[in-house]
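Thanks for coming, everyone. I have one structure to show today. Please have a look at it before I start talking.

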Amino acid sequence: MCGLTGYWSQAGNLENLEAIACKMSNTIIHRGPDSKGTWVDPTTGIALGHRRLAIVDLSPEGHQPMHSANDRYILVFNGEIYNFRDLQQQLLAFGHSFRGHSDTEVMLAAFCQWGIEPAVQKFVGMFAFALWDRQERVLHLGRDRLGEKPLYYGWMGDTFLFGSELKALKAHPHWQGKIDRDVLTLLLRHNYIPAPYSIYQNIYKLPPGTLLTLPTANPSARPTPKPYWSMQSVVESGRDNPFQGSEREAVAQLDSLLRDAISQQIVADVPLGAFLSGGVDSSTVVALMQAQSSRPVKTFTIGFHEAAYNEANDAKVVARHLGTDHTELYVTPEEALAVIPKLPALYDEPFSDSSQIPTFLVSQLARQHVTVSLSGDGGDELFGGYNRYFLANRIWKQVGWLPQNLKSTIARGLTLRSPEAWNKTFEQLAPILPKSLRQRLPGDKLHKLAAVLAVDSPEALYTNLVSHWSNPAALVLGASEPPTALTDSTHWANLPDFTQQMMYLDAVTYLPGDILTKVDRAAMGVSLETRVPFLDHRVVEFTSTLPLALKIRQSQSKWLLRQVLYQYVPPKLIERPKMGFGIPLDRWLRNELRDWAEDLLSEQRLEQEGFFNPQPIRQKWQEHLSGTRNWQYHLWDVLMFQSWLEAQ
């Protein structure tokens, strides 16, 4: 696990290549505190920089940038190739020899033997890399299939920049970052900025599962990423080639695949452990780790004194049953709030999933004991864990048949601020509503229900469910919302069931854009490597063949994954309502964070900075303070941008 960076310059500063590359790589020392390296070629204008967090092969033989044995390729690499030992055996049979036992050296031999894309297709792992081909004078960038490891790139004039984090690109003397107002609208909708966009104009995220090839012999070329693996193709292939076995065979096959993935991911030359919340996903990972370990697995969780946000008791029960070496830390509000000033530097661009705070805290706790931690991320997207998979179909079955004008009337009634006005409207409409809907409508989330009732299709319903600000372009001055995989139906998979479509869309948007970004930056901010067994692409490809009934059954999520887990942990220790990894942000904004937020959201400040229309923000802020509405997520989106902007 490391950080990489570099650039290619057509002209200028060629005598300072190494100094600039060193400066760029030093900005990401947290990703690799163990060693640093640079490689430059003034004759071609290429410079590579690297920071290393040594995990496998701690010797100097694992140092990067690394040359291939034939000296054709130079590689900087961030991540892990879990099947490198199997690949090494294949390469030995072809006559290759190896100085050390790092996966980096195996990657280089694989490129020499099979070529770039064929080699990448053989890799099982998480990775981002930059590979310079000295013979062809071509630069290759690559990113893993699901987007576990980050890679940014883009042009500043005649200079091509790339790196694991934006701060590395910003250290180059040609950097002139200009905020992209259009992209800012995406932050307000999603609470993250989806690939391929970044907050800066002309700087992009390399999408998961793609390669980008820059032929420096053609300076005018502006290549685009090309996929070597596609989630869309995977789920459509699974649709056409469904799993034919019994339920018992499905459990056995999933258990075998996860065991194999975890057996490869617990290989390290440094201490290793796992995050444990006590939920289905993390408990499954820890159970399969412990089943293959002769020593107690080190597990970590944090707790809050607020019962609604505390997972520590559930984690402790599972840890005791499995016999892990468990560490828990109860966090005070003061400790959690102290993380907020660190967020702009950690994430480098605005990011507003508030679970970034507990994720950083549990990473910080784990790093005191281990250098690598496995996590249960990805289980919700693969096995049907999010509440929206139930909520969307339930709502649409209940109200989809209603005329659109009637749904709009209901939505308007739901948004009335006065409880008395709402009750009057509800009494008028109740006789014509389904009984189940009459029973469920009153509650804290009426405004969200109003938003989803205003739509005219299941697709629009899903978009509303995953959106914060419903019309962010009206909030950002001079902006229009760019297309994404969510809004461009050409990126949608051809699937027979809309629940499966939602799971697919979450896997290609929310998972890499939010979940994996959050975990990577929080963990690497404390020099901790995280590994995600559910995202072994062989597991992902298997789950795509499974019928929905093996994932969601009788309103129970993750049915098949639970059957695997129940072989190791009894259901009574697991069965409980799903709890998100959250914080009492709504209360903190009204109390401990009120002065901080008021300063960032002041009307004068918003007008002077010129990014936002202040009126809707001020309205939501006042409604939140008064307690009439809970706008914590909408406000956190704006606050995280404001905090990031202040830090620039």
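I'll go from the whole chain down to single residues.

First point: this is a predicted model. So how far does the confidence go? The chain averages a pLDDT of 91. At least 70 is the score for 91% of the residues. There is one stretch to flag. Over residues 434–444, the pLDDT is below 50. That stretch still has 17 contacts in the model beyond near neighbours in sequence. Where pLDDT is low, predicted coordinates should not be read in detail. Please keep that in mind when you zoom in on 434–444.

Now the overall build. The chain holds 29 helices and 17 strands. The radius of gyration is 25 Å, and the globule rule gives 26 Å for 648 residues, so the chain is as compact as a globular protein of that length. If you want dimensions, the C-alpha trace spans about 80 × 60 × 50 Å along its principal axes.

What about the inside? Of the 648 residues, 60% count as buried. Then look at the contacts with a separation of 6 or more. Residues 24 or more positions apart account for 72% of them.

And the outside? The accessible surface comes to about 24900 Å². Carbon and sulfur atoms own 50% of that surface. On charge, the chain has 61 positive and 67 negative charges. Their mean positions are 4 Å apart.

Next, single residues. I'll start with Ser352. Where is Ser352? You'll find Ser352 in the loop between helix 12, residues 343–347, and helix 13, residues 356–367. Is Ser352 buried or exposed? Its relative accessibility is 4%, and the cut-off for buried is under 20%, so Ser352 counts as buried. Which residues does Ser352 touch, beyond four places in sequence? The list is Leu187, Asn191, Trp636, Asp637 and Met640. Another residue to look at here is Val638. Ser352 and Val638 are 286 residues apart in sequence, yet their C-alphas are 8.3 Å apart in space.

Asn191 was on that contact list for Ser352, and Asn191 deserves a look of its own. Asn191 sits in the loop between helix 6 and strand 10. Its phi is positive, about 70°, although Asn191 is not a glycine. Asn191 is also buried, with a relative accessible area of 7%.

Stay in that loop for a moment. Pro196 lies between helix 6, residues 181–190, and strand 10, residues 203–205. The peptide bond from Ala195 to Pro196 is cis, with omega near 10°.

Now for another cis bond. The bond from Gln64 to Pro65 is cis, with omega near 0°. Pro65 is in the loop between strand 3, residues 46–52, and strand 4, residues 66–67.

Follow the chain past strand 4 and you reach Asp71. Asp71 is in the loop between strand 4 and strand 5, with strand 5 covering residues 73–81. Asp71 is not a glycine, but its phi is positive, near 70°. Is Asp71 buried or partly exposed? Partly exposed, at 36% relative accessibility.

Now three residues in helices. Take Leu511, in helix 22, residues 510–524. Leu511 is buried, with a relative accessible area of 1%. What does Leu511 touch, leaving out residues up to four places away? Leu146, Gly378, Glu381, Asp506, Leu516 and Leu535. As for distance, Leu511 and Ser643 are 132 residues apart in sequence and 24 Å apart in space, C-alpha to C-alpha.

Next is Leu92, in helix 2, residues 84–93. Leu92 counts as partly exposed, at 39% relative accessibility. From Leu92 to Ser373 you count 281 residues in sequence and 31 Å in space, C-alpha to C-alpha.

Last one: Ser256, in helix 8, residues 247–265. Ser256 is partly exposed, with a relative accessible area of 44%. Ser256 and Gln619 are 363 residues apart in sequence and 53 Å apart in space, C-alpha to C-alpha.

To wrap up, three things to take away. The chain is as compact as a globular protein of its length. Ser352 is buried and in contact with Asn191, which has a positive phi. And residues 434–444 have a pLDDT below 50. That's all from me.

Terms used
Residues numbered from 1 in each chain as written. Predicted model: local features only at pLDDT ≥ 70, side-chain atom pairs only at ≥ 80, totals over all residues. Heavy atoms only, no water. Helix = DSSP H or I, 4+ residues; strand = E, 2+ residues; numbered from the N terminus. Rg over C-alpha atoms; globule rule 2.2 N^0.38 Å. Buried < 20%, exposed > 50% of the residue type's maximum accessible area, 1.4 Å probe, protein only. Contact = heavy atoms within 4.5 Å. Areas by Shrake-Rupley, 256 points an atom, 1.4 Å probe, with all protein chains shown as cover. Lys, Arg positive; Asp, Glu negative; His and termini not counted. Charge placed at Lys NZ, Arg CZ, Asp CG, Glu CD. pLDDT = per-residue confidence, 0-100.
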